[in-house]
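Grab a pencil and work through these exercises with the structure open beside you. Try each task before you read its solution.

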Amino acid sequence: MKTITKHYIDGAFVESHGHEVMDIINPTNGKAIAHVTLADEEDTRRAIAAAKRAFTSFGRSTKEERAKILNRLYETVSARVDDLTAAMVEEYGGPVQFAAYIVQAGANAFLAAEKALQELPLTRSWEKTTVTLEPVGVAGLITPWNANALFLCAKLASAVAAGCTVVMKPSELSFLQTQVWLECLHEARLPKGLCNVVIGRGDVVGAELVRNPDVAKISFTGSSAVGKTIMRDGAVTMKRVTLELGGKSPNILLDDADFDNAIPTALGSAFMNSGQVCAAGSRLLVPKNRLDEVKQTIVNVMPAFPVGDPADPKTVVGPMATQKQYERVQSYIRKGIEEGAEVLVGGEGHPKDLEAGYFVKPTIFVNVNNDMTIAQEEIFGPVLCVISYETEEDAIRIANDTDFGLHAYISGTDLQRVRRVASQILAGRIAINGMRDDQQAPFGGFKHSGVGREFGTFGIEAFLEPKAILE
Ligand code: NAD
(Lines give C-alpha, C1' and ligand atoms only; values in the text may rest on other atoms or scores of the structure.)
Protein backbone atom coordinates (compact mmCIF):
# COMPACT_ATOMS: atom_id res chain seq x y z
CA MET A 1 0.00 0.00 0.00
CA LYS A 2 1.49 3.35 -1.08
CA THR A 3 1.21 6.42 1.12
CA ILE A 4 1.42 10.03 -0.01
CA THR A 5 1.81 12.69 2.67
CA LYS A 6 3.73 15.50 0.99
CA HIS A 7 3.08 18.51 -1.20
CA TYR A 8 5.62 20.25 -3.42
CA ILE A 9 6.20 23.78 -2.20
CA ASP A 10 9.07 26.19 -2.84
CA GLY A 11 11.15 23.58 -4.64
CA ALA A 12 10.86 20.87 -1.95
CA PHE A 13 8.63 18.00 -0.85
CA VAL A 14 6.99 19.11 2.42
CA GLU A 15 4.76 17.28 4.91
CA SER A 16 1.09 18.10 4.76
CA HIS A 17 -0.36 20.50 7.32
CA GLY A 18 -3.81 19.10 6.54
CA HIS A 19 -4.62 15.75 8.20
CA GLU A 20 -7.56 14.29 6.28
CA VAL A 21 -6.69 10.92 4.71
CA MET A 22 -8.25 9.62 1.51
CA ASP A 23 -8.02 6.16 -0.05
CA ILE A 24 -7.19 5.68 -3.71
CA ILE A 25 -9.22 2.83 -5.18
CA ASN A 26 -8.21 0.72 -8.18
CA PRO A 27 -11.36 0.83 -10.36
CA THR A 28 -10.56 -2.49 -11.99
CA ASN A 29 -11.24 -4.39 -8.75
CA GLY A 30 -12.54 -1.83 -6.23
CA LYS A 31 -9.56 -2.36 -3.88
CA ALA A 32 -7.64 0.40 -2.04
CA ILE A 33 -4.13 0.89 -3.42
CA ALA A 34 -2.91 4.03 -1.62
CA HIS A 35 -3.58 6.40 1.27
CA VAL A 36 -3.19 10.11 0.66
CA THR A 37 -2.99 12.87 3.26
CA LEU A 38 -4.89 15.85 1.89
CA ALA A 39 -3.92 19.49 2.11
CA ASP A 40 -5.86 22.15 3.98
CA GLU A 41 -6.16 25.89 3.31
CA GLU A 42 -2.88 26.56 5.18
CA ASP A 43 -0.91 24.28 2.81
CA THR A 44 -2.51 26.14 -0.09
CA ARG A 45 -1.65 29.56 1.32
CA ARG A 46 1.99 28.46 1.83
CA ALA A 47 2.17 27.39 -1.81
CA ILE A 48 0.63 30.68 -2.97
CA ALA A 49 3.14 32.64 -0.86
CA ALA A 50 6.03 30.69 -2.45
CA ALA A 51 4.68 31.37 -5.94
CA LYS A 52 4.26 35.05 -5.11
CA ARG A 53 7.89 35.33 -3.97
CA ALA A 54 9.12 33.51 -7.06
CA PHE A 55 7.10 35.78 -9.34
CA THR A 56 9.17 38.84 -8.37
CA SER A 57 12.08 37.42 -10.39
CA PHE A 58 10.49 34.90 -12.78
CA GLY A 59 7.94 37.50 -13.89
CA ARG A 60 10.87 39.37 -15.45
CA SER A 61 12.47 36.33 -17.11
CA THR A 62 13.48 36.41 -20.76
CA LYS A 63 12.11 34.21 -23.53
CA GLU A 64 15.42 32.32 -23.53
CA GLU A 65 15.20 31.53 -19.81
CA ARG A 66 11.63 30.29 -20.18
CA ALA A 67 12.54 28.22 -23.25
CA LYS A 68 15.33 26.49 -21.32
CA ILE A 69 12.93 25.53 -18.54
CA LEU A 70 10.39 24.19 -21.05
CA ASN A 71 13.06 22.05 -22.66
CA ARG A 72 14.18 20.68 -19.31
CA LEU A 73 10.59 19.79 -18.42
CA TYR A 74 10.19 18.05 -21.77
CA GLU A 75 13.26 15.94 -21.04
CA THR A 76 12.35 14.96 -17.51
CA VAL A 77 8.71 14.11 -18.31
CA SER A 78 9.70 12.22 -21.49
CA ALA A 79 12.05 10.06 -19.44
CA ARG A 80 9.14 8.84 -17.28
CA VAL A 81 6.42 8.26 -19.89
CA ASP A 82 6.15 4.56 -19.01
CA ASP A 83 5.84 5.18 -15.27
CA LEU A 84 3.24 7.89 -15.77
CA THR A 85 1.27 5.64 -18.09
CA ALA A 86 1.34 2.75 -15.60
CA ALA A 87 0.05 5.04 -12.84
CA MET A 88 -2.83 6.23 -15.04
CA VAL A 89 -3.81 2.64 -15.78
CA GLU A 90 -3.67 1.65 -12.12
CA GLU A 91 -5.41 4.55 -10.43
CA TYR A 92 -8.25 5.40 -12.77
CA GLY A 93 -8.34 2.52 -15.20
CA GLY A 94 -7.27 4.53 -18.24
CA PRO A 95 -6.85 2.06 -21.14
CA VAL A 96 -3.09 1.74 -21.64
CA GLN A 97 -3.10 2.76 -25.32
CA PHE A 98 -4.91 6.00 -24.55
CA ALA A 99 -2.90 6.63 -21.37
CA ALA A 100 0.41 6.30 -23.22
CA TYR A 101 -0.79 8.68 -25.94
CA ILE A 102 -1.96 11.25 -23.39
CA VAL A 103 1.27 11.17 -21.38
CA GLN A 104 3.37 11.61 -24.51
CA ALA A 105 1.09 14.47 -25.58
CA GLY A 106 1.77 16.01 -22.15
CA ALA A 107 5.55 15.81 -22.61
CA ASN A 108 5.21 17.24 -26.13
CA ALA A 109 3.17 20.18 -24.78
CA PHE A 110 6.39 21.66 -23.34
CA LEU A 111 8.08 21.71 -26.76
CA ALA A 112 4.90 22.98 -28.41
CA ALA A 113 4.72 25.85 -25.90
CA GLU A 114 8.37 26.67 -26.52
CA LYS A 115 7.70 26.87 -30.27
CA ALA A 116 4.64 29.03 -29.71
CA LEU A 117 6.61 31.33 -27.39
CA GLN A 118 9.21 31.91 -30.09
CA GLU A 119 6.41 32.87 -32.50
CA LEU A 120 4.62 35.20 -30.10
CA PRO A 121 5.90 38.79 -30.11
CA LEU A 122 5.91 39.94 -26.47
CA THR A 123 6.56 43.54 -27.48
CA ARG A 124 4.90 45.49 -30.27
CA SER A 125 5.45 49.15 -31.04
CA TRP A 126 4.25 51.79 -33.46
CA GLU A 127 4.84 55.53 -33.60
CA LYS A 128 5.30 56.51 -29.94
CA THR A 129 3.42 53.56 -28.48
CA THR A 130 4.94 50.38 -27.06
CA VAL A 131 2.80 47.45 -25.97
CA THR A 132 4.31 44.69 -23.85
CA LEU A 133 2.59 41.45 -22.92
CA GLU A 134 3.15 40.99 -19.18
CA PRO A 135 2.60 37.81 -17.17
CA VAL A 136 -0.58 38.18 -15.10
CA GLY A 137 1.06 36.96 -11.87
CA VAL A 138 0.49 33.83 -9.79
CA ALA A 139 -1.77 31.35 -11.57
CA GLY A 140 -3.84 28.58 -10.01
CA LEU A 141 -3.99 25.52 -12.29
CA ILE A 142 -6.75 23.00 -11.57
CA THR A 143 -6.99 19.69 -13.47
CA PRO A 144 -9.59 16.92 -13.89
CA TRP A 145 -8.78 13.22 -13.50
CA ASN A 146 -9.45 11.99 -17.02
CA ALA A 147 -6.24 13.29 -18.59
CA ASN A 148 -4.51 14.77 -15.53
CA ALA A 149 -0.95 14.20 -16.79
CA LEU A 150 -1.66 16.04 -20.05
CA PHE A 151 -3.32 18.98 -18.32
CA LEU A 152 -0.59 19.33 -15.68
CA CYS A 153 1.94 19.60 -18.52
CA ALA A 154 -0.11 21.77 -20.89
CA LYS A 155 -1.17 24.29 -18.26
CA LEU A 156 2.30 24.55 -16.73
CA ALA A 157 3.86 24.89 -20.20
CA SER A 158 1.69 27.87 -21.17
CA ALA A 159 2.09 29.53 -17.76
CA VAL A 160 5.90 29.17 -17.82
CA ALA A 161 6.04 30.46 -21.41
CA ALA A 162 4.13 33.54 -20.23
CA GLY A 163 6.40 34.09 -17.20
CA CYS A 164 3.81 33.18 -14.55
CA THR A 165 4.50 31.23 -11.38
CA VAL A 166 1.91 28.65 -10.39
CA VAL A 167 0.12 26.65 -7.74
CA MET A 168 -1.29 23.43 -9.18
CA LYS A 169 -4.19 21.43 -7.82
CA PRO A 170 -4.34 18.05 -9.54
CA SER A 171 -7.52 15.99 -9.43
CA GLU A 172 -8.02 13.93 -6.29
CA LEU A 173 -8.34 10.83 -8.51
CA SER A 174 -4.85 11.33 -9.94
CA PHE A 175 -2.45 11.43 -7.01
CA LEU A 176 -0.32 8.43 -8.04
CA GLN A 177 0.47 9.83 -11.47
CA THR A 178 0.96 13.23 -9.86
CA GLN A 179 3.66 11.70 -7.58
CA VAL A 180 5.60 10.46 -10.60
CA TRP A 181 5.07 13.81 -12.32
CA LEU A 182 6.40 15.64 -9.24
CA GLU A 183 9.60 13.64 -9.45
CA CYS A 184 9.97 14.86 -13.06
CA LEU A 185 9.30 18.41 -11.92
CA HIS A 186 11.92 18.17 -9.15
CA GLU A 187 14.42 16.66 -11.57
CA ALA A 188 13.97 19.65 -13.90
CA ARG A 189 15.42 21.96 -11.18
CA LEU A 190 13.13 24.92 -11.75
CA PRO A 191 13.68 28.14 -9.81
CA LYS A 192 12.27 27.64 -6.29
CA GLY A 193 8.61 28.48 -5.97
CA LEU A 194 7.99 28.67 -9.72
CA CYS A 195 5.79 25.57 -9.63
CA ASN A 196 4.07 24.43 -6.44
CA VAL A 197 1.72 21.46 -6.27
CA VAL A 198 -0.84 20.95 -3.51
CA ILE A 199 -2.56 17.58 -3.13
CA GLY A 200 -6.10 18.10 -1.93
CA ARG A 201 -9.81 18.50 -2.49
CA GLY A 202 -11.43 20.88 -4.92
CA ASP A 203 -13.66 22.47 -2.31
CA VAL A 204 -10.63 23.07 -0.01
CA VAL A 205 -7.50 23.70 -2.10
CA GLY A 206 -9.31 24.73 -5.29
CA ALA A 207 -11.65 27.05 -3.40
CA GLU A 208 -8.71 28.74 -1.62
CA LEU A 209 -6.98 29.33 -4.97
CA VAL A 210 -10.15 30.88 -6.37
CA ARG A 211 -10.69 33.07 -3.28
CA ASN A 212 -7.10 34.15 -2.55
CA PRO A 213 -6.29 37.73 -3.63
CA ASP A 214 -2.66 36.79 -4.37
CA VAL A 215 -3.78 34.51 -7.20
CA ALA A 216 -4.35 36.53 -10.37
CA LYS A 217 -5.57 33.81 -12.70
CA ILE A 218 -7.29 30.45 -12.62
CA SER A 219 -6.89 27.98 -15.46
CA PHE A 220 -9.41 25.23 -14.83
CA THR A 221 -10.31 22.06 -16.70
CA GLY A 222 -13.29 20.12 -15.38
CA SER A 223 -17.05 20.05 -15.24
CA SER A 224 -19.28 22.92 -16.30
CA ALA A 225 -20.88 22.95 -12.83
CA VAL A 226 -17.57 23.62 -11.04
CA GLY A 227 -16.48 26.01 -13.81
CA LYS A 228 -19.51 28.20 -13.14
CA THR A 229 -18.69 28.26 -9.40
CA ILE A 230 -15.15 29.37 -10.18
CA MET A 231 -16.32 32.16 -12.47
CA ARG A 232 -18.78 33.41 -9.85
CA ASP A 233 -16.46 33.13 -6.80
CA GLY A 234 -13.43 34.39 -8.70
CA ALA A 235 -15.25 37.61 -9.60
CA VAL A 236 -14.79 38.87 -6.01
CA THR A 237 -11.02 39.19 -6.57
CA MET A 238 -11.40 39.91 -10.32
CA LYS A 239 -9.72 36.66 -11.35
CA ARG A 240 -8.79 36.13 -14.96
CA VAL A 241 -10.22 32.73 -15.84
CA THR A 242 -9.72 30.09 -18.48
CA LEU A 243 -12.39 27.42 -18.23
CA GLU A 244 -12.18 24.19 -20.22
CA LEU A 245 -15.46 22.45 -19.50
CA GLY A 246 -17.73 19.70 -20.73
CA GLY A 247 -19.03 18.75 -24.14
CA LYS A 248 -21.68 16.87 -26.08
CA SER A 249 -19.92 16.88 -29.38
CA PRO A 250 -21.72 16.12 -32.64
CA ASN A 251 -20.19 13.84 -35.23
CA ILE A 252 -21.89 14.49 -38.57
CA LEU A 253 -21.70 11.82 -41.26
CA LEU A 254 -22.70 13.49 -44.52
CA ASP A 255 -24.52 11.26 -47.00
CA ASP A 256 -21.43 10.91 -49.23
CA ALA A 257 -19.17 9.82 -46.34
CA ASP A 258 -17.19 6.60 -46.55
CA PHE A 259 -19.07 4.77 -43.79
CA ASP A 260 -16.61 1.87 -43.62
CA ASN A 261 -14.02 4.34 -42.33
CA ALA A 262 -16.22 6.97 -40.72
CA ILE A 263 -18.19 4.62 -38.45
CA PRO A 264 -15.22 2.88 -36.78
CA THR A 265 -13.67 6.33 -36.35
CA ALA A 266 -16.90 7.62 -34.81
CA LEU A 267 -16.97 4.73 -32.34
CA GLY A 268 -13.30 5.36 -31.58
CA SER A 269 -14.10 8.97 -30.75
CA ALA A 270 -17.11 8.03 -28.60
CA PHE A 271 -15.32 5.27 -26.66
CA MET A 272 -11.87 6.87 -26.33
CA ASN A 273 -10.65 6.65 -22.71
CA SER A 274 -13.76 4.58 -22.00
CA GLY A 275 -15.90 7.53 -23.13
CA GLN A 276 -14.44 9.73 -20.38
CA VAL A 277 -13.24 12.48 -22.71
CA CYS A 278 -14.53 16.04 -22.90
CA ALA A 279 -14.22 16.02 -26.71
CA ALA A 280 -15.89 12.61 -27.20
CA GLY A 281 -18.11 12.54 -30.29
CA SER A 282 -21.10 11.38 -28.25
CA ARG A 283 -23.84 12.32 -30.76
CA LEU A 284 -23.57 10.59 -34.13
CA LEU A 285 -25.69 12.39 -36.73
CA VAL A 286 -26.48 10.18 -39.73
CA PRO A 287 -28.60 10.63 -42.86
CA LYS A 288 -32.02 9.02 -42.36
CA ASN A 289 -31.89 7.23 -45.72
CA ARG A 290 -28.71 5.38 -44.68
CA LEU A 291 -29.76 4.55 -41.09
CA ASP A 292 -30.13 0.80 -41.64
CA GLU A 293 -26.66 0.65 -43.16
CA VAL A 294 -25.27 2.63 -40.20
CA LYS A 295 -26.85 0.21 -37.71
CA GLN A 296 -25.49 -2.82 -39.51
CA THR A 297 -21.99 -1.36 -39.78
CA ILE A 298 -22.00 -0.49 -36.05
CA VAL A 299 -22.93 -4.06 -35.11
CA ASN A 300 -20.23 -5.38 -37.44
CA VAL A 301 -17.43 -3.21 -36.05
CA MET A 302 -18.28 -3.45 -32.32
CA PRO A 303 -15.91 -6.41 -31.72
CA ALA A 304 -13.05 -3.98 -32.44
CA PHE A 305 -13.97 -2.09 -29.22
CA PRO A 306 -13.43 -4.66 -26.46
CA VAL A 307 -14.10 -3.85 -22.81
CA GLY A 308 -11.78 -5.27 -20.14
CA ASP A 309 -8.48 -4.97 -18.30
CA PRO A 310 -7.11 -1.46 -18.97
CA ALA A 311 -3.54 -2.78 -18.83
CA ASP A 312 -4.22 -4.98 -21.88
CA PRO A 313 -3.17 -3.08 -25.04
CA LYS A 314 -6.16 -4.55 -26.90
CA THR A 315 -8.67 -2.99 -24.48
CA VAL A 316 -10.51 0.09 -25.72
CA VAL A 317 -13.03 0.45 -22.89
CA GLY A 318 -11.74 0.04 -19.33
CA PRO A 319 -13.66 0.57 -16.09
CA MET A 320 -15.27 3.86 -15.12
CA ALA A 321 -12.99 5.84 -12.81
CA THR A 322 -15.16 5.53 -9.70
CA GLN A 323 -18.24 3.78 -8.35
CA LYS A 324 -20.04 7.14 -8.60
CA GLN A 325 -19.12 7.42 -12.25
CA TYR A 326 -20.36 3.85 -12.80
CA GLU A 327 -23.73 4.72 -11.19
CA ARG A 328 -23.95 7.90 -13.23
CA VAL A 329 -23.49 6.05 -16.53
CA GLN A 330 -26.03 3.39 -15.48
CA SER A 331 -28.58 6.06 -14.63
CA TYR A 332 -28.21 7.63 -18.08
CA ILE A 333 -28.59 4.26 -19.80
CA ARG A 334 -31.80 3.71 -17.79
CA LYS A 335 -32.98 7.22 -18.64
CA GLY A 336 -32.39 6.64 -22.36
CA ILE A 337 -34.50 3.49 -22.28
CA GLU A 338 -37.26 5.24 -20.30
CA GLU A 339 -37.29 8.12 -22.78
CA GLY A 340 -37.86 5.69 -25.66
CA ALA A 341 -34.45 5.35 -27.28
CA GLU A 342 -33.60 1.89 -28.60
CA VAL A 343 -30.53 0.02 -27.35
CA LEU A 344 -28.64 -1.23 -30.42
CA VAL A 345 -25.68 -2.61 -28.44
CA GLY A 346 -24.85 -2.72 -24.70
CA GLY A 347 -27.39 -1.72 -22.07
CA GLU A 348 -27.57 -1.68 -18.28
CA GLY A 349 -25.30 -3.58 -15.89
CA HIS A 350 -21.78 -4.99 -15.93
CA PRO A 351 -20.39 -6.79 -18.97
CA LYS A 352 -20.15 -10.56 -18.46
CA ASP A 353 -17.24 -11.66 -16.24
CA LEU A 354 -16.40 -8.06 -15.29
CA GLU A 355 -18.57 -7.72 -12.19
CA ALA A 356 -15.76 -6.85 -9.74
CA GLY A 357 -14.76 -3.41 -11.02
CA TYR A 358 -16.61 -0.36 -12.32
CA PHE A 359 -17.03 -1.75 -15.84
CA VAL A 360 -20.04 -0.75 -17.96
CA LYS A 361 -21.21 -2.06 -21.31
CA PRO A 362 -20.29 0.22 -24.22
CA THR A 363 -23.78 1.26 -25.26
CA ILE A 364 -25.16 2.64 -28.49
CA PHE A 365 -28.66 4.07 -28.68
CA VAL A 366 -30.54 4.52 -31.95
CA ASN A 367 -33.87 6.30 -32.53
CA VAL A 368 -32.58 9.10 -30.34
CA ASN A 369 -34.31 12.45 -30.47
CA ASN A 370 -31.95 15.37 -29.81
CA ASP A 371 -34.29 16.64 -27.04
CA MET A 372 -33.74 13.51 -24.95
CA THR A 373 -31.66 13.82 -21.79
CA ILE A 374 -29.06 11.37 -23.16
CA ALA A 375 -28.58 13.64 -26.20
CA GLN A 376 -28.36 16.87 -24.18
CA GLU A 377 -26.34 16.04 -21.05
CA GLU A 378 -22.69 15.01 -20.86
CA ILE A 379 -22.66 11.35 -19.74
CA PHE A 380 -18.86 10.95 -19.58
CA GLY A 381 -18.96 7.24 -20.31
CA PRO A 382 -19.06 4.92 -23.34
CA VAL A 383 -22.58 5.82 -24.44
CA LEU A 384 -23.23 6.94 -28.00
CA CYS A 385 -26.48 8.45 -29.30
CA VAL A 386 -27.28 7.90 -32.99
CA ILE A 387 -29.57 10.65 -34.27
CA SER A 388 -30.89 10.67 -37.82
CA TYR A 389 -31.37 13.81 -39.91
CA GLU A 390 -33.23 14.61 -43.16
CA THR A 391 -31.13 17.33 -44.82
CA GLU A 392 -27.77 19.09 -44.44
CA GLU A 393 -29.54 22.09 -42.82
CA ASP A 394 -31.26 19.72 -40.42
CA ALA A 395 -27.89 18.16 -39.47
CA ILE A 396 -26.39 21.59 -38.76
CA ARG A 397 -29.42 22.61 -36.67
CA ILE A 398 -29.26 19.42 -34.57
CA ALA A 399 -25.48 19.69 -34.16
CA ASN A 400 -25.85 23.23 -32.79
CA ASP A 401 -28.92 22.46 -30.68
CA THR A 402 -26.93 21.97 -27.47
CA ASP A 403 -25.68 24.05 -24.54
CA PHE A 404 -22.15 22.86 -25.33
CA GLY A 405 -19.72 23.78 -28.11
CA LEU A 406 -16.36 22.16 -27.44
CA HIS A 407 -15.69 19.96 -30.42
CA ALA A 408 -17.31 18.58 -33.57
CA TYR A 409 -16.45 15.99 -36.21
CA ILE A 410 -17.61 15.94 -39.83
CA SER A 411 -17.09 13.26 -42.47
CA GLY A 412 -17.82 13.47 -46.21
CA THR A 413 -16.04 13.05 -49.52
CA ASP A 414 -16.96 16.44 -51.03
CA LEU A 415 -14.49 18.61 -49.12
CA GLN A 416 -16.06 21.90 -50.21
CA ARG A 417 -19.32 20.75 -48.72
CA VAL A 418 -17.65 19.49 -45.52
CA ARG A 419 -15.98 22.89 -45.09
CA ARG A 420 -19.29 24.67 -45.71
CA VAL A 421 -20.92 22.62 -42.97
CA ALA A 422 -17.93 23.16 -40.64
CA SER A 423 -18.23 26.93 -41.06
CA GLN A 424 -21.74 26.77 -39.58
CA ILE A 425 -20.98 24.62 -36.53
CA LEU A 426 -20.62 26.38 -33.18
CA ALA A 427 -17.62 24.61 -31.64
CA GLY A 428 -14.07 25.49 -30.64
CA ARG A 429 -12.56 22.70 -32.73
CA ILE A 430 -13.85 20.79 -35.72
CA ALA A 431 -12.07 17.70 -37.03
CA ILE A 432 -12.69 16.72 -40.63
CA ASN A 433 -12.62 13.09 -41.81
CA GLY A 434 -11.04 11.62 -38.71
CA MET A 435 -9.71 12.42 -35.26
CA ARG A 436 -7.10 15.13 -35.50
CA ASP A 437 -4.87 17.07 -33.14
CA ASP A 438 -2.55 20.03 -33.49
CA GLN A 439 -0.90 21.36 -30.36
CA GLN A 440 -0.56 24.83 -31.91
CA ALA A 441 -4.31 25.05 -32.56
CA PRO A 442 -6.51 26.56 -29.85
CA PHE A 443 -8.53 24.16 -27.71
CA GLY A 444 -11.61 25.32 -25.83
CA GLY A 445 -15.30 25.80 -26.14
CA PHE A 446 -18.18 27.95 -27.25
CA LYS A 447 -21.19 28.40 -24.93
CA HIS A 448 -21.21 26.26 -21.76
CA SER A 449 -18.06 24.43 -22.86
CA GLY A 450 -15.97 27.19 -21.41
CA VAL A 451 -14.19 30.51 -21.60
CA GLY A 452 -10.87 31.11 -23.33
CA ARG A 453 -8.49 28.75 -25.10
CA GLU A 454 -5.45 26.62 -24.33
CA PHE A 455 -2.49 25.53 -26.49
CA GLY A 456 -0.34 27.41 -28.97
CA THR A 457 0.03 31.18 -28.79
CA PHE A 458 -3.64 31.34 -27.73
CA GLY A 459 -2.85 29.36 -24.58
CA ILE A 460 0.12 31.58 -23.68
CA GLU A 461 -1.85 34.78 -24.28
CA ALA A 462 -4.35 33.56 -21.68
CA PHE A 463 -1.63 34.14 -19.04
CA LEU A 464 -0.61 37.57 -20.36
CA GLU A 465 -1.88 41.09 -19.81
CA PRO A 466 -1.17 43.78 -22.45
CA LYS A 467 0.47 46.97 -21.12
CA ALA A 468 0.70 50.05 -23.35
CA ILE A 469 3.32 52.73 -22.79
CA LEU A 470 2.55 55.99 -24.59
CA GLU A 471 5.26 58.62 -24.95
P1 NAD B 1 -14.70 18.26 -11.69
O2 NAD B 1 -15.26 19.56 -12.13
O3 NAD B 1 -15.44 17.47 -10.70
O4 NAD B 1 -13.25 18.49 -11.04
C5 NAD B 1 -12.21 19.12 -11.77
C6 NAD B 1 -11.21 19.71 -10.78
O7 NAD B 1 -11.85 20.78 -10.08
C8 NAD B 1 -10.72 18.73 -9.72
O9 NAD B 1 -9.34 18.94 -9.50
C10 NAD B 1 -11.53 19.12 -8.51
O11 NAD B 1 -10.90 18.81 -7.30
C12 NAD B 1 -11.63 20.63 -8.69
N13 NAD B 1 -12.74 21.27 -7.96
C14 NAD B 1 -13.89 20.70 -7.53
N15 NAD B 1 -14.63 21.62 -6.85
C16 NAD B 1 -13.94 22.78 -6.88
C17 NAD B 1 -14.18 24.10 -6.38
N18 NAD B 1 -15.29 24.39 -5.71
N19 NAD B 1 -13.27 25.06 -6.61
C20 NAD B 1 -12.15 24.78 -7.31
N21 NAD B 1 -11.84 23.56 -7.79
C22 NAD B 1 -12.73 22.57 -7.58
O23 NAD B 1 -14.41 17.44 -13.02
P24 NAD B 1 -13.85 15.96 -13.16
O25 NAD B 1 -14.92 15.00 -12.79
O26 NAD B 1 -12.52 15.85 -12.50
O27 NAD B 1 -13.59 15.90 -14.74
C28 NAD B 1 -14.58 15.60 -15.65
C29 NAD B 1 -15.09 16.86 -16.31
O30 NAD B 1 -14.02 17.57 -16.88
C31 NAD B 1 -16.04 16.57 -17.45
O32 NAD B 1 -17.15 17.44 -17.40
C33 NAD B 1 -15.22 16.85 -18.69
O34 NAD B 1 -15.95 17.21 -19.83
C35 NAD B 1 -14.35 17.96 -18.21
N36 NAD B 1 -13.15 18.05 -19.04
C37 NAD B 1 -13.02 19.10 -19.90
C38 NAD B 1 -11.90 19.19 -20.72
C39 NAD B 1 -11.70 20.34 -21.68
O40 NAD B 1 -10.58 20.57 -22.11
N41 NAD B 1 -12.71 21.09 -22.03
C42 NAD B 1 -10.93 18.20 -20.67
C43 NAD B 1 -11.10 17.15 -19.79
C44 NAD B 1 -12.21 17.09 -18.96
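**Exercise 1: Holes inside**

Find how many cavities of 30 Å³ or more there are, and work out what lines the largest cavity.

*Solution.* Step 1: the count comes to five cavities of 30 Å³ or more. (On a 1 Å grid over the protein atoms alone, a cavity is a set of points where a 1.4 Å probe fits but cannot get out; points are joined across faces, edges and corners, and a volume is the space filled by probe spheres set on them.)

Before going on, some ground rules: this is a predicted model, where local features need pLDDT of at least 70 and side-chain atom pairs count only at pLDDT 80 or more, while totals for chains, interfaces and linings use all residues. Residues are numbered from 1 along each chain as its sequence is written, and side-chain values use heavy atoms, with hydrogens and water left out.

Step 2: the largest cavity has a volume of about 80 Å³. Step 3: look at its walls, where you'll meet Gly-247, Lys-248, Glu-378 and Phe-380, among others. Step 4: sort that lining by class, and you get six nonpolar, four polar and two charged residues. (Ala, Val, Leu, Ile, Met, Phe, Trp, Tyr, Cys and Pro count as nonpolar, Asp, Glu, Lys and Arg as charged, and the others, Gly among them, as polar.)

**Exercise 2: Pockets**

Describe the largest pocket and the second largest pocket by volume and lining.

*Solution.* Step 1: a pocket is an open set of grid points with protein on both sides within 12 Å along at least five of seven lines, and lining residues have an atom within 4 Å of a point. Step 2: about 1300 Å³ of space lies in the largest pocket. Its lining has 42 residues, and Trp-145, Phe-220, Gly-222, Ser-223 and Val-226 lie nearest the centre. Step 3: helix 7 (202-211), strand 11 (217-221), helix 8 (224-234) and helix 11 (323-338) each supply at least two of the lining residues. (Helices, H or I with at least four residues, and strands, E with at least two, are DSSP runs numbered from the N terminus.) By class, this lining splits into 17 nonpolar, 14 polar and 11 charged.

Step 4: the second largest pocket has a volume of about 690 Å³. Of its 32 lining residues, Phe-98, Tyr-101, Ile-102, Met-272 and Val-277 are closest to the centre. Helix 4 gives the largest share of this lining, five residues. The classes here are 19 nonpolar, seven polar and six charged.

**Exercise 3: The core and its cysteines**

Find which residues touch the most other members of the largest nonpolar core, then explain why Cys-195 is in no disulfide.

*Solution.* Step 1: a nonpolar core is a set of buried Ala, Val, Leu, Ile, Met, Phe, Trp, Tyr and Cys residues joined through side-chain atoms within 4.5 Å. (Buried means under 20% relative accessible area, exposed over 50%, partly exposed in between, with a 1.4 Å probe and protein chains only.) Step 2: the largest core has 80 residues, and Leu-156, Met-168, Trp-181, Leu-185, Cys-195 and Val-197 touch the most other members. Helix 5 (residues 148-162) gives the most to this core, 12 residues. A second, separate core of 32 residues includes Tyr-326 and Tyr-358.

Step 3: zoom in on Cys-195, which is buried at 3% relative accessible area. Setting aside neighbours within four places in sequence, Cys-195 is in contact with Tyr-8, Leu-156, Val-166, Met-168, Leu-185 and Leu-190. (Contact means heavy atoms within 4.5 Å.) Step 4: the closest cysteine sulfur to that of Cys-195 is in Cys-153, 10 Å away, so it is too far for a bond. (A disulfide is a pair of cysteine sulfur atoms within 2.5 Å.) Step 5: the structure holds zero disulfides. Cys-184 is in none either, with the sulfur of Cys-153 the nearest at 7.9 Å.

**Exercise 4: A wrapped-up helix**

Is helix 13 (residues 392-400) largely enclosed or open, and what covers its buried residues?

*Solution.* Step 1: count the buried residues; seven of the nine in helix 13 are buried, so the helix is largely enclosed by the rest of the structure. Step 2: name them: Glu-392, Asp-394, Ala-395, Ile-396, Ile-398, Ala-399 and Asn-400. Step 3: look around; the cover includes strand 13 (250-253), strand 14 (283-287), strand 17 (383-389) and helix 14 (415-422).
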